[in-house]
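Colleague: I would like to go through this model with you, one question at a time.

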Amino acid sequence: MQKYVSPYQLMLAAVMLLAAVIAYALTPRIYTADSNNIDLSAMVPARFADWQQVEMKGVIVNPEVDDQLAKVYAQVLERVYVNTQGQRIMLSIAYSRDQRQSSGQQTHLPDLCYPAQGFALHDKHQMTLQLGSQTLAVNSMIAQRDQRVEPLMYWITTNGVVSTERNSRKLNQVQAGLQGLIYDGMIIRVSTINEDTNAARLLEADFLSKLSQSQTPANRAQIFGKGMVVQ
């Protein structure tokens, strides 16, 4: 005997099928990383202006251990630079192909990672740097552990757009998803060991300005943003 299928069951099946089709259509599949072609070691020169890379193992304190970095980021670049006056800057760039929170590869903030390594954070605020004709919004703070005082600045790019607030990055990801895109991104951090925080920030700003000038337009857009800052 043929089983009777009610109109309600047919409608429910149609709704479920439609929901599945919509969910499939709205699932992002295109990685912007595939077209951005990021290679951190090639993008950041070992020498520019009066800054030169030096080997200083143990100077950079990474707030995450190596195995965590390998799981979260596709590429990590860590370097120490010294200028002709002997002043040192630590540069750390971590790149992720997938900035969605659900991916587990979203950038990790120093605000959380430094305290996990025993640092106290204070003087946290946002500031704007003038890098030639471009302005750059950064998050600034001071990390301290025992006698080590480390003023630092960092910012995050999502597909080449700088954002200073978590909510704006989430909104960017939602907008990308609606276009079928999965945004890549990076977190860039500069710091120096100096109890004179004002002098440290001036030195970091000088370093970033000269690093920006050393970049090709395409690389500059990926590291320092495409001229648009999302608050």
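The questions below go from strands to a helix and then to the cores of this predicted model.

Colleague: How many bridges join β3 to β4?

Modeller: Strand β3 covers residues 51-54 and strand β4 covers residues 75-83. The two run antiparallel, and V54 has V80 as its bridge partner in β4. The number of bridges joining β3 to β4 is four.

Colleague: Which residue in β5 does R79 stand opposite?

Modeller: Strand β5 takes in residues 88-96 and pairs with β4 in the antiparallel sense, over eight bridges. Opposite R79 in β5 stands L91.

Colleague: Which residue takes a positive phi in the hairpin of β4 and β5?

Modeller: Four residues lie between the two strands of this hairpin. The phi value there is near 85 degrees, and the residue that takes it is G86.

Colleague: What is the phi of G225, just after α8?

Modeller: Helix α8 spans residues 217-224, and its buried residues are A221, Q222, I223 and F224. G225 comes just after the helix, with a positive phi of about 100 degrees.

Colleague: How many residues does the largest nonpolar core have?

Modeller: V44, L91, W155, F207 and L208 are the residues with the most contacts inside this core. Leaving aside neighbours within four places in sequence, L208 is in contact with L129, L131, M153, W155, V190 and F224. Another core lies apart from it, with 11 residues, among them V72, Y73, I156 and I187. For the largest core, the number of residues is 29.

Definitions and conventions: Residues numbered from 1 in each chain as written. Predicted model: local features only at pLDDT ≥ 70, side-chain atom pairs only at ≥ 80, totals over all residues. Heavy atoms only, no water. Pairing = 2+ DSSP bridges. Buried < 20%, exposed > 50% of the residue type's maximum accessible area, 1.4 Å probe, protein only. Core = buried A, V, L, I, M, F, W, Y, C linked by side-chain atoms within 4.5 Å. Contact = heavy atoms within 4.5 Å.
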